[in-house]
Amino acid sequence: MAISAPLPLVASPGVARPPTRAVVWAISLAGCAAGVASFVFALTNDAIGSELGEPLVIATLWNWMTLTYVLGGLLAWWRRPASRFGPLMIVTGFVCFLVTLAWTSSDVPFTIGQALDKLPAVLFLYVFLAFPSGRLTGRIERALVAAAFVTAIALEFARMVLGDYGAHNLLGLAPHLAVSETVRHVQLLVLSAFLLGGVGVLAVRRRRAGPALRRSVDVLIDAFALGLVMLAFLYVSLVVGGPAVTEIRWATFVTLGLAPLAFLIGLLHARLARSSVGDLFVELRSNPAPADLRDALARSLRDPSLTLAYWLPEFESWADLTGSRVELPDRQAGRVTTLLDRDGSRMAALVHDPALEDEPELLAAVGAAAGIALENGRLQAEQQAHLEELKGSRARVIEAGQRERQRLERNLHDGAQQRLIALSLELSVLEKELGEHPDAEKRLDAAQREITASLEELRAVARGLHPAVLTGHGLAVALEQVAARASVPVRLTVEVGGRLPEQVEVAAYYVVTESVANIAKHARATAATVDVHRTNEALVVEIVDDGLGGADSERGSGLRGLADRVEALGGRLRVWTPGGRGTRVRAEIPCE
Amino acid sequence: MRVAIAEDSVLLREGLVRILEESGLEVVGQCTNADDLLLKVRSYSPDVAIIDIRLPPTHNDEGLRAALEIRAQHPSVGVLVLSQYVELGLALKLLAESAEGVGYLLKDRIRNVDDFIAAVRRVADGGSALDPIIVSTLLSRERPDDPVAKLTPREREILELMASGESNQGIADKLVITRRAVEKHVSSIFGKLDLPATGSESRRVLAVLLFLRA
């Protein structure tokens with residue numbers, strides 16, 4: 001799933017706004033009223049003292065839980081309106097309050113409170129599993145919470161119907177205390193099993209999650225999952241009658257009441273992350289170089305694995321900064337994509353760790369901060385893509401030309417040349433058959449000379465079109481011939497280790513032939529060296545002469561054509577030609 | 001003397017057959033590709049096979065490869081390779097091991113019928129025929145303290161003919177000098193180039209080529 005975040009914006013996209021002030025006040029007051037009320041319930045009822053411990057202590061601890069959840073939830077809702085986590089916490093807090101209705105001596109409130117008695121345990125489980133989005137994402141999580149709900153509510157009803165909880169229980173229609181006791185045991189044990197299962201799910205989820213360093217606060221939150229373990233332990237103790245149940249109960253309430261603080265620290269942490277967005281703003285204002293953008297974003301989002309892709313509408317594809325096409329990963333690959341828009345049109349995509357999905361605001365804020373720099377990056381990517389396209393088409397044009405020349409060369413050889421030789425043979429035979437005939441002999445000789453000249457011309461043309469020997473036998477063999485034919489002594493070294501891509505060989509061949517021809521025409525050199533060797537990624541061709549130097553690049557129309565040929569393959573051609581000190585031509589042609 | 005020909009141009013092949021037959025050689029097989037040639041060589045054991053270096057299907061070096069294979073499998077059959085250009089590297093490949101019964105000529109040489117027929121006969125007899133251009137190309141190469149520079153012009157002329165496979169008698173005929181004089185020059189050349197004297201004329205071709213190539 002991709003979150004589309006229109007820019008510029010700071011709030012999360014297309015989700016609820018924070019609660020209004022009136023709602024905040026109403027909930028705060030309701031929470032405080034609930035707290036006061038439950039104190040009153042606790043202190044006016046003698047019965048709970050014996051069952052749960054000191055009424056004042058138990059009321060204080062319970063209200064501690066109620067209020068931290070309500071107020072913490074409120075804060076979470078306000079700060080993270082996109083997340084359902086805040087409301088979930090508030091509900092949990094109020095349910096905790098409703099449970100205290102069971103502390104009253106009136107039948108109806110007691111019955112309601114008692115019916116909800118085990119619900120807070122399930123909600124705690126829910127809260128822990130749903131942090132920080134407020135939603136249960138996995139199937140196991142949902143099944144676990146649903147089953148816990150059923151256990152907490154249905155079995156509680158069953159116990160009440162079976163006459164548990166004494167006189168104030170209005171539901172005790174079919175009293176059967178022995179069965180009720182069994183149901184109680186089952187309920188408590190099953191609930192504790194679910195709680196522990198929840199802790200297990202949390203542990204597994206954490207281990208699978210992205211870079212831990214990004215969310216050190218998760219560790220803190222997980223620590224408070226201890227509250228769930230304690231609750232499970234409490235339930236088991238209630239069944240098997242372990243020691244110090246009261247103290248365990250108190251400690252459990254304290255721990256569970258502290259958990260909202262951990263959740264709030266988690267939120268504050270996100271706020272801290274927001275301040276790194278401020279740094280990003282500053283950084284980008286000073287130097288919005290597209291090349292450094294990814295690193296800056298990765299720092300702000302604390303996700304070293306972050307990658308950036310730019311949308312190129314003309315090419316209808318995603319590309320990186322060099323203009324090369326990239327595919328956005330799908331969710332299965334463990335990566336999440338967040339699309340960043342600007343003025344309603346698609347611009348870039350952040351490919352990041354799934355953990356960042358918990359902080360859509362942060363993503364949106366970072367996206368907004370990087371807006372201009374992203375636009376620059378996109379332009380650069382687009383430019384590069386155009387450049388690549390151009391380079392590709394230039395290479396294709398040259399290649400097509402090369403193919404055509406090769407075809408022509410073959411035609412000349414297999415057609416005209418063979419015919420001329422055959423014709424010449426025919427003349428020789430004719431000459432013999434003619435016997436003594438001086439005049440005819442003379443004319444036949446002239447015809448033969450004409451054929452010789454034609455053959456030579458033909459050969460020169462054909463060789464200029466395409467060096468056939470190159471195709472068949474590679475650079476070393478072809479260059480040997482060039483060096484041998486040169487007008488000045490040429491020292492040739494070719495170290496290329498086998499065949500190279502044809503385009504590369506042809507380009508290198510022409511660099512050498514053209515340079516050697518230039519030396520003959522202009523340089524007045526006495527010697528030249530030709531060195532062809534491979535480096536890791538390129539073929540290097542270097543031709544040096546000891547002639548006049550001072551060659552301008554227009555000399556021998558060939559140099560510009562050579563540069564085209566070399567550049568089309570992504571290489572470059574350079575000429576050093578200091579006056580009076582010879583000329584050096586160096587071509588580097590990339591080859592894998 | 002029996003000849004097999006592999007040449008895919010009909011005109012040229014027929015021309016070749018004609019001049020060979022008129023010169024009293026027997027053409028026992030003609031074909032247009034390397035595979036057929038190998039078959040014909042196996043079946044007829046000719047004295048020499050004349051092979052176009054470029055043959056179908058790719059027209060790259062099928063002919064050269066066929067020549068090398070014949071050399072390997074039928075050492076008694078001479079091979080004379082015809083090429084559009086002088087391709088030094090290919091010629092040296094063909095001569096890598098020995099120059100006995102090997103020829104490498106430019107196609108144009110066919111036109112000088114007498115010289116061509118002489119070359120065919122030489123190769124068929126186990127001698128060599130190297131295109132003069134190859135030899136002069138090799139000779140024109142730069143070498144440090146070139147011993148070739150120490151040769152007299154006459155000796156240089158004789159070296160070229162020797163390297164292209166001519167026998168002492170052939171050289172004598174060409175230069176219109178006595179065979180004895182040729183022999184004297186040859187031993188002088190071998191001395192100056194510091195090459196060991198060798199009996200066989202084919203072997204000395206290789207020795208000279210190796211020397212020039214180094």
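1. A salt bridge, as the term is used in this note, is a side-chain nitrogen of Lys or Arg within 4 Å of a carboxyl oxygen of Asp or Glu. K432(A) and D114(B) make such a pair across the two chains, with their closest N and O atoms 3.5 Å apart. Readers should bear in mind from the outset that this is a predicted model, and that the values discussed below are computed from it.

2. Taking the interface as a whole, the rule finds four salt bridges between chain B and chain A, and the count of residue pairs in polar contact, both at pLDDT 80 or more, is eight. On the side of chain B that touches chain A, the elements that give two or more residues are α1 (10-22), α4 (88-94) and α5 (113-124) of chain B. Of that side, α1(B) provides the largest share, namely seven residues. Sorted by character, the residues on the side of chain B that touches chain A comprise 14 charged, 13 nonpolar and nine polar.

3. How many residues does each chain bring to the contact? Chain A contributes 34 residues and chain B contributes 36 residues. The area buried between the two chains is about 2,900 Å², and carbon and sulfur atoms give 53% of that area. Within chain B, the residues that lose the most area to chain A are R54(B), Y85(B) and R111(B), which together account for 25% of what that side buries.

4. Turning to chain A by itself, its secondary structure comes to 18 helices and eleven strands, and 49% of its 592 residues are buried. When one considers the contacts in chain A between residues at least 6 apart in sequence, 70% of them join residues at least 24 apart. The area that chain A exposes is about 27,700 Å², of which carbon and sulfur atoms supply 61%.

5. Two positions in chain A may help a newcomer to find their way. A298(A) belongs to helix α12 of chain A, which covers residues 290-301, and A298(A) counts as buried because its relative accessible area of 8% is under 20%. Once its neighbours within four places in sequence are set aside, A298(A) is in contact with D303(A), P304(A) and L306(A). L308(A) is ten residues away from A298(A) in sequence, and their C-alpha atoms lie 9.6 Å apart in space.

6. The second position is R378(A), which is placed in helix α14 of chain A, spanning residues 371-434. Is R378(A) buried or exposed? With a relative accessibility of 12%, R378(A) counts as buried. Apart from neighbours within four places in sequence, the residues in contact with R378(A) are Y310(A), W311(A), L312(A), P313(A) and M347(A).

7. In chain B, D131(B) deserves a separate look. D131(B) sits in the loop between β6 (128-130) and α6 (132-139) of chain B, and its relative accessibility is 0%, so that D131(B) counts as buried. If neighbours within four places in sequence are left out, D131(B) is in contact with V86(B), Y104(B), L105(B), L106(B) and R109(B). With R109(B) there is also a polar contact of 2.8 Å between the side chains. L82(B) is 49 residues from D131(B) along the chain, yet the C-alpha atoms of L82(B) and D131(B) are separated by 9.8 Å.

Technical notes
Residues numbered from 1 in each chain as written. Chains lettered and ligands numbered in written order. Heavy atoms only, no water. Contact = heavy atoms within 4.5 Å. Buried area = accessible area lost by both parts, 1.4 Å probe. Polar contact = N/O pair within 3.5 Å; in protein donor to acceptor, adjacent residues only side chain to side chain. Helix = DSSP H or I, 4+ residues; strand = E, 2+ residues; numbered from the N terminus. Nonpolar A, V, L, I, M, F, W, Y, C, P; charged D, E, K, R; others polar. Buried < 20%, exposed > 50% of the residue type's maximum accessible area, 1.4 Å probe, protein only. Areas by Shrake-Rupley, 256 points an atom, 1.4 Å probe, with all protein chains shown as cover.
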